[in-house]
Structures are given as C-alpha cells and as structure tokens.
Amino acid sequence: MNVLIPKELRYFSDETHVEMPDSVCFYPYFLYELSGDKPWEWEKSGLPLLQSAWDEMETALDEKQRARSKDVKREVDALLAMFFMALFWVNGQPSAPVLWKEKEADFAVKPINFRERFTYIDSRPYTYMAYRQLIELMTELKKAAAVYAIKNPR
C-alpha cells in the first residue's frame, strides 16, 4: 500500500510517497502515524510498542560496532526514528521529527540537556559517540516518562 509521508515525518528523506513499512525498523519507520493508530493516547504512551524493535536494532548496531563496520545507517536511522516516536509520544503528540527543535521547548518530558545532546547526535548521527549518546537519551527518556506518569496519572 502506497502512503503519503507528511512533511513533519520527512526527517530521513524528501520522498512524498512510499510503501507502508512492515515495522518501525524499516523506512519510513513511522508505521503508527502513517496507519492512523495513536499510541501517544494509550496508557504508557505506546512505549512498550517500541521496546522489542529498539532492542533488536541496538543489538544489531552493537554487533556492527564491535566488527568496526561503517555500514550502520539503517540501524541508526531506525533508532533515531524510535527515539523520535518515544519523545513525541510521551509528550502526547504524534511524531514530527522535522519539527523537533520548534517543539522541544514545550515538551514536559525530556532528558536533561536534551537540545545540546541531540544537536550533537543530529550533526554526526553515524558516529560511535552519537550512537552511545542516543542510547543514553532513550534510557533517560524512559525514566523521565515513568516519573511523569506517576506524578500526572491520566
């Protein structure tokens, strides 16, 4: 099924139409936004939907890093997309990675020093240090989301 990719989801490509992805591990990544599902409205903001895919991509990337492979684009892009999904979803919004800088100030849930750290990742996403920083940001985001959920039950 061929779908339109809204402008706010075109972080990885300028393509306007693509085939619906089978999972969040494959481009265009944003399966839930493209299909009309709204996990950001669910309990736990849909984060459990991302966990197994995140673990799979992190493991694949770890293996490539140990082998000193430079071919990490697919895994890094998938992890970036899942991070965007998690970041926007825990803030009650659909993913809009193109707009992250504009929306970041309004996020109630985000890691400490998020803008500075993510700007670093965004400027050199396929380096080892950026990948490690992304893993740390996701860990911190999950913790911040859990704290927020306890303090602000739905």
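Arg-68 is placed in the loop between α2 and α3, where helices (H or I, at least four residues) and strands (E, at least two) are DSSP runs numbered from the N terminus. The model is predicted, so that local features need pLDDT of at least 70 and side-chain atom pairs count only at pLDDT 80 or more, while totals for chains, interfaces and linings use all residues. Residues are numbered from 1 along each chain as its sequence is written, and side-chain values use heavy atoms, with hydrogens and water left out.

**Backbone exceptions**

Arg-68 follows just after α2 with a positive phi. Arg-68 counts as exposed because its relative accessibility is 72%; buried means under 20% relative accessible area, exposed over 50%, and partly exposed in between (1.4 Å probe, protein chains only). Asn-113 also has a positive phi although it is a residue other than glycine, and at 48% relative accessibility Asn-113 counts as partly exposed. The peptide bond from Tyr-27 to Pro-28 is cis. Most residues other than glycine have a negative phi, and most peptide bonds are trans.

| Residue | Loop | Backbone angle |
|---|---|---|
| Arg-68 | between α2 and α3 | phi near 60 degrees |
| Asn-113 | between α4 (100-103) and α5 (114-123) | phi near 55 degrees |
| Pro-28 | between β2 (17-19) and α1 | omega near 10 degrees, from Tyr-27 |

**Helix α2**

Helix α2 covers residues 47-66, and its 20 residues should span 28 Å at 1.5 Å a residue; the end C-alpha atoms are 28 Å apart, which agrees. The expected span is 1.5 Å times one less than the number of residues. At Ala-53, α2 bends by about 25 degrees, the bend being the angle between axes fitted to the seven residues ending there and the seven starting there.

Ala-53 is itself among the buried residues of α2, which also include Leu-50, Trp-54, Met-57 and Leu-61. An α-helix has 3.6 residues a turn, so residues three or four places apart point the same way. The cover over the buried residues of α2 includes α3 (73-90) and α6 (128-151).

**A buried acid in α1**

Glu-33 belongs to helix α1 (residues 31-35). Glu-33 is buried yet has no salt bridge, and the nearest side chain of opposite charge, Lys-103, is 11 Å away. A salt bridge requires a side-chain nitrogen of Lys or Arg within 4 Å of a carboxyl oxygen of Asp or Glu; Lys and Arg count as positive and Asp and Glu as negative, with His and the chain ends not counted. Apart from neighbours within four places in sequence, Glu-33 is in contact (heavy atoms within 4.5 Å) with Leu-9, Trp-40, Met-85, Trp-89, Pro-94 and Ser-95.
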